[in-house]
Amino acid sequence: MKRFITPLVLATIASASAFAQSSILNNPDNKAYFGIRIGGEVTCPGNITVENVGVDAFKNGGGFEIGGIYNLPIAANFYIEPGLKFYYNTYSLKNEMLDGIDEDITISNMSIRKFGMRIPVMAGYHFDFTNDVKVSVFTGPELEVGFSGKGHIKGEGFDLSESIYGDDGGMKRVDLLWGIGAGVSYKHLYFGVSGGIGMLNMIDDSYVKFHENRVTFSVGYNF
């Protein structure tokens with residue numbers, strides 16, 4: 001029996017070693033490149049929490065982002081990918097919450113509209129199944145800075161828009177999200193989906209907590 005088991009073990013080890021050295025996990029042709037990305041996103045605001053009591057006040061919204069990345073190989077198929085992107089997104093207050101704002105006026109819609117930039121720094125690994133097809137997984141932090149943010153209120157006889165930043169606005173400009181996602185590259189084309197989990201409290205009040213999250217579906221081109 002041993003004379004059959006020993007060759008089998010050696011063959012298994014040799015196969016595992018060959019697989020580890022293959023281009024799927026370690027492509028010798030890896031090189032740095034720039035890429036452009038355009039994405040549509042679903043904004044997913046969290047609950048507003050006051051003294052550990054959470055209120056599901058907001059509806060999911062939508063938006064988009066556009067920008068570029070730089071993919072830098074580190075070792076084998078492991079890489080670091082910093083980027084710079086600009087975004088615009090919105091979300092709104094749920095209808096059942098509108099009636100409680102002011103009993104004397106009728107409010108039909110209240111929304112948050114934001115424009116700014118993002119600086120992601122993702123760490124990832126790609127699996128090169130062929131010379132043309134690569135699948136990647138990645139995760140890392142993302143700094144988000146709001147340039148402009150408006151709270152838009154519309155009702156019977158009025159349509160108002162005010163800044164959500166500053167002393168009167170009550171929301172913070174800077175957020176730090178943790179990103180996680182996956183992508184597929186076919187030749188120079190890129191398709192990906194990622195999520196961003198907000199880690200900072202976006203309300204400028206220590207007694208109130210609120211986090212912003214999102215899901216992004218993106219396409220791109222790698223040069």
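Buried, as used in these legends, means under 20% relative accessible area. The model shown in every view is predicted.

**View 1. Glu144 and Arg214 meet in a salt bridge between strands E8 and E13**. With a relative accessibility of 4%, Glu144 counts as buried. Arg214, at 8%, counts as buried too. Their side chains are joined by a salt bridge with an N to O distance of 3.5 Å. This pair links distant parts of the chain, since Glu144 belongs to strand E8 (residues 133-155) and Arg214 to strand E13, 70 residues apart. Through shared partners, salt bridges unite Glu41, Glu65, Lys85, Arg118, Glu142, Glu144 and Arg214 in one network.

**View 2. Glu41 forms a salt bridge with Arg214**. The closest N and O atoms of Glu41 and Arg214 are 3.8 Å apart. Glu41 is located in strand E1 and Arg214 in strand E13, so this salt bridge ties together parts separated by 173 residues in sequence. Both Glu41 and Arg214 are buried.

**View 3. Strand E1 pairs with strand E5 and with strand E13**. Strand E1 (residues 33-45) and strand E5 (residues 61-75) are paired in the antiparallel sense over 11 bridges. Within this pairing, Gly40 stands opposite Phe64 of E5. The pairing of E1 with strand E13 (residues 212-222) is antiparallel and has 11 bridges. There, Ile36 stands opposite Tyr221 of E13.

**View 4. Arg37 is buried yet has no salt bridge**. Arg37 lies in strand E1. The nearest side chain of opposite charge is that of Glu81, 4.6 Å away; a salt bridge requires a side-chain nitrogen of Lys or Arg within 4 Å of a carboxyl oxygen of Asp or Glu. A polar contact of 2.9 Å does join the side chains of Arg37 and Asn222. Beyond its neighbours within four places in sequence, Arg37 is in contact with residues including Glu65, Ile66, Lys85, Tyr190 and Tyr221.

**View 5. Strands E3, E2 and E12 form an open sheet**. The 3 strands follow the order E3-E2-E12, with antiparallel pairing. Strand E3 (53-55) and strand E12 (208-209) are the edge strands, each pairing on one side only. Strand E2 (residues 48-50) is joined to E3 by 3 bridges, and the bridge partner of Thr49 in E3 is Gly54.

**View 6. Lys94 and Asp56 form a salt bridge**. The closest N and O atoms of the two residues are 2.7 Å apart. Lys94 is in the loop between E6 and helix H2 (95-98), and Asp56 is in the loop between E3 and strand E4 (58-59); the pair links distant parts of the chain, 38 residues apart. Asp56 has a relative accessibility of 41% and counts as partly exposed.

**View 7. Gly170 and Ile164 touch one another**. Gly170 is placed in the loop between strand E9 (158-163) and strand E10 (174-186), and its 26% relative accessibility makes this residue partly exposed. Although Gly170 and Met202 are 32 residues apart in sequence, their C-alpha atoms are 8.6 Å apart. Contacts of Gly170 with residues over four places away in sequence are Ile164, Met202, Ile203 and Asp204. Ile164 in turn touches, among others, Ile112, Lys114 and Met171. In the largest nonpolar core, of 14 residues, Ile164, Met171 and Ile203 are among those that touch the most other members. Strand E6 (78-93) and strand E7 (107-128) are the elements giving two or more residues to this core.

Terms used
Residues numbered from 1 in each chain as written. Predicted model: local features only at pLDDT ≥ 70, side-chain atom pairs only at ≥ 80, totals over all residues. Heavy atoms only, no water. Pairing = 2+ DSSP bridges. Helix = DSSP H or I, 4+ residues; strand = E, 2+ residues; numbered from the N terminus. Buried < 20%, exposed > 50% of the residue type's maximum accessible area, 1.4 Å probe, protein only. Lys, Arg positive; Asp, Glu negative; His and termini not counted. Polar contact = N/O pair within 3.5 Å; in protein donor to acceptor, adjacent residues only side chain to side chain. Contact = heavy atoms within 4.5 Å. Core = buried A, V, L, I, M, F, W, Y, C linked by side-chain atoms within 4.5 Å.
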